[in-house]
Amino acid sequence: MALLNLAAFDNTPLQRDPFDFLIASGVMSDQTLEQVNRDYPEIELPANYKPEDLEFGPAFSQLLDEVDSEEFEAAVENKFGIDLGNTTKTITVRKYSEMSDGNIHTDHPSKIMTVLIYFNKEWTQDGGKLRMLRSKTDIDDYAAEATPIGGTLLAFRRSKKSFHGYKRFKGERRMVQINWVKSGRLAWYARQLPR
């Protein structure tokens, strides 16, 4: 049985202002979230990790398989009207945010699509909520805000105006990040950058 409810993703309208994005809720049930969090990798530092560098249980392993599947990629392609066939997919896992995170940026030019899936059981803080911004200078001028609560999926197409960021937050902020990047030297370069 699938852990991700792709129908929740499919049924979420694509937003075009200020760039192409969507924020879908309910992509995991409470029961699924509990299973995945039980099997979430033990991570101690605020950094992005490749799955092959981590140890985790079967539910988290299944979730990684699902986001690495042709079905998941096809859902992203259909929603955004994009062909990801000639790209390289990267998957990273993170558990903690630090005060230097959240700066406004557009993502590296080698990236084509970004998908973030969150796993926190609750969220009461003002910081750490990823905002889809209208400019590179004002964190409070945003079109939408994604609270990193479990079962939330945020996806956006990278562009010169895909500004996003969040107010400073230090603490646990569980997520899996999936990127599709241009193949070749740019893709290699993007994977060498600190995250």
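This is a guided tour of a predicted model, moving from the whole chain to a pair of helices and then to single residues in the loops.

**The whole chain**

Begin with the full chain in cartoon view, coloured by secondary structure, where 5 helices and 8 strands can be picked out. Followed from the N terminus, these elements run α-β-α-α-α-β-β-β-β-β-β-β-α. The radius of gyration is 16 Å, close to the 16 Å that the globule rule gives for 195 residues, so the chain is as compact as a globular protein of that length. If you draw a box along the principal axes, the C-alpha trace spans about 40 × 40 × 35 Å. Colouring by relative accessibility will show that buried residues make up 53% of the 195 residues. A contact map is also worth opening at this stage, since among contacts with a separation of 6 or more, 81% are between residues 24 or more positions apart.

**Helix 2**

Select residues 30–38, which form helix 2, and look down the axis. The buried residues here are Thr32, Leu33, Val36 and Asn37. Seen in that direction they fall within an arc of 130°, so they line one face of the helix. The periodicity behind such a pattern is a general one: an α-helix has 3.6 residues a turn, so residues three or four places apart point the same way. Turn to the face directed away from the buried side, and you will find the exposed residues Asp30, Gln31, Glu34 and Arg38. To see what the buried residues of helix 2 pack against, add helix 3 and strand 8 to the selection.

**Helix 3**

Now select residues 58–67, in which Ala59, Phe60, Leu63, Leu64, Glu66 and Val67 are buried. They cover an arc of only 160° around the axis, which puts them on the same side of helix 3. The face turned away from that buried side carries the exposed residues Pro58 and Asp65. Showing the surroundings of the buried residues brings up several covering elements, including helix 2, helix 4 (70–80), strand 2 (87–97), strand 3 (111–118) and strand 8 (171–182).

**Where helix 2 meets helix 3**

Keep both helices on screen and draw their axes, which come within 6 Å and cross at roughly 110°. That makes helix 2 roughly perpendicular to helix 3. With side chains displayed, Gln35, Val36 and Arg38 on the helix 2 side meet Ala59, Phe60 and Leu63 on the helix 3 side. By type, the residues of this contact divide into 4 nonpolar, 1 polar and 1 charged.

Two members of this contact deserve a view of their own. Centre on Gln35, which counts as partly exposed at 25% relative accessibility. Apart from neighbours within four places in sequence, Gln35 is in contact with Leu3 and Ala59. For a sense of scale, a C-alpha to C-alpha distance drawn from Gln35 to Asp126 gives 27 Å, across 91 residues of sequence.

Then move to Phe60 in helix 3, which at 0% relative accessibility counts as buried. Leaving out neighbours within four places in sequence, the contacts of Phe60 are Val36, Asp39, Tyr40, Pro41, Val93 and Val176. Between the C-alpha atoms of Phe60 and Asn37 the distance is 7.6 Å, although 23 residues separate them in sequence.

**Stops in the loops**

Between helix 2 and helix 3, select Glu55 in the loop; this residue is exposed, with a relative accessible area of 72%. Not counting residues up to four places away in sequence, Glu55 touches Pro41 and Glu42. The C-alpha atoms of Glu55 and Glu42 are 7.4 Å apart, for a sequence separation of 13 residues.

Next, go back towards the N terminus and select Pro18, in the loop between helix 1 (6–10) and strand 1 (21–24). Check the backbone between Asp17 and Pro18, where a cis peptide bond joins the two and omega is about 10°.

Finish at Asp107, in the loop between strand 2 and strand 3. The backbone is again what to inspect here: phi of Asp107 is near 85°, a positive value in a residue other than glycine. At 11% relative accessibility, Asp107 counts as buried.

How values were computed:
Residues are numbered from 1 along each chain as its sequence is written. This is a predicted model: local features need pLDDT of at least 70, side-chain atom pairs count only at pLDDT 80 or more; totals for chains, interfaces and linings use all residues. Side-chain values use heavy atoms; hydrogens and water are left out. Helices (H or I, at least four residues) and strands (E, at least two) are DSSP runs, numbered from the N terminus. Buried means under 20% relative accessible area, exposed over 50%, partly exposed in between (1.4 Å probe, protein chains only). Contact means heavy atoms within 4.5 Å. The arc is that of the directions from the helix axis to the C-beta atoms. Axes are lines fitted to C-alpha atoms, for helices over the stretch in contact, and angles run from 0 to 180 degrees between N-to-C directions. Angles under 35 degrees count as roughly parallel, over 145 as roughly antiparallel, 65 to 115 as roughly perpendicular and the rest as oblique. Ala, Val, Leu, Ile, Met, Phe, Trp, Tyr, Cys and Pro count as nonpolar, Asp, Glu, Lys and Arg as charged, and the others, Gly among them, as polar. The radius of gyration is taken over C-alpha atoms; the globule rule is 2.2 Å times the number of residues to the power 0.38.
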